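This report looks first at the chain as a whole and then at one residue within it. Please keep the sequence and the structure in view while reading.

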Amino acid sequence: QNGERVLIHNAAGGVGLAAVQLARRSNAEIFGTAGSEEKLRFLQEHGVAHPINYRTHDFAAEVKRITGGTGIDLILDPIGGDTTKKGYALLRMSGRIVIFGISSMVTGRTRNVPKILWELATMPRWNAVSLMNTNKGVYGLNALKLWDEESVLGPVVQGMSTGVQEGWLRARVDKTFPLAEAGKAHEHIQDRRNIGKVVLTVE
């Protein structure tokens, strides 16, 4: 909504940059986390008022410092685990958090079952009473499960298409890989080297 405070995690990724542009369109005060000084500079140049390096700073402490403890209206969280728990605590009354991934489970090139179980265990648990008492909203989003729901996705896609046509919504392609090198593309993303989308090309 117009003028709200929005915290976007992994703001320099493909989804994050799209969210930044949508938030700018709504005149939001944008907080964005990223893991390198290069990404922080890029975010600041593209309208993120408060870029935060999650590798060197506790993002929750930084948000509290900047806002004076008055809270955030909307959080976009693809990370999960303790990040979700900290984010929920940052929400002001009527604030909401949208969880659309648990990237904290991905720790390297091989599966780490203990880490996966730990991240699941540290995810907060909500119930109807706690949500009512805090006056906060928790939303889950899995876009793949919505793929065939035209009535739901149609207006969203139309709005984004309009943004592309009008020029205020643009996808930034960080790097392209041929389809045969899909594994390298995933490694590029896992190493958190991308600013924007990573695209597979087909001859």
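Of the 203 residues in the chain of this predicted model, 36% count as buried. The secondary structure amounts to eight helices and eight strands, and because the radius of gyration of the chain is 17 Å, close to the 17 Å that the globule rule gives for 203 residues, the chain is as compact as a globular protein of that length. Among contacts in the chain with a separation of 6 or more, 54% come from residues 24 or more positions apart.

Some values for the whole chain are set out below.

| Property | Value |
|---|---|
| Box filled by the C-alpha atoms, along the principal axes | roughly 55 × 45 × 40 Å |
| Area exposed by the chain | about 12,200 Å² |
| Share of that area from carbon and sulfur atoms | 55% |
| Distance between the centres of the positive and negative side chains | 4 Å |

The two sets of charged side chains number 25 positive and 20 negative.

Turning to a single residue, N194 is found in the loop that runs between helix 8 (182-190) and strand 8 (197-201). Is N194 buried or exposed? With a relative accessibility of 10%, which falls under the 20% cut-off, N194 counts as buried. A polar atom of the N194 side chain lies 2.8 Å from the backbone oxygen of G196. When residues up to four places away in sequence are left aside, N194 touches A12, G13, K39, D174, H188 and I189.

Methods
Residues are numbered from 1 along each chain as its sequence is written. This is a predicted model: local features need pLDDT of at least 70, side-chain atom pairs count only at pLDDT 80 or more; totals for chains, interfaces and linings use all residues. Side-chain values use heavy atoms; hydrogens and water are left out. Helices (H or I, at least four residues) and strands (E, at least two) are DSSP runs, numbered from the N terminus. The radius of gyration is taken over C-alpha atoms; the globule rule is 2.2 Å times the number of residues to the power 0.38. Buried means under 20% relative accessible area, exposed over 50%, partly exposed in between (1.4 Å probe, protein chains only). Contact means heavy atoms within 4.5 Å. Accessible areas come from the Shrake-Rupley method with a 1.4 Å probe; for residues, only the protein chains shown count as cover. Lys and Arg count as positive and Asp and Glu as negative; His and the chain ends are not counted. The place of a charge is taken as NZ of Lys, CZ of Arg, CG of Asp or CD of Glu. A polar contact is a pair of N or O atoms within 3.5 Å; within protein, one must be able to donate a hydrogen and the other to accept it, and residues adjacent in sequence count only if both atoms are side-chain atoms.
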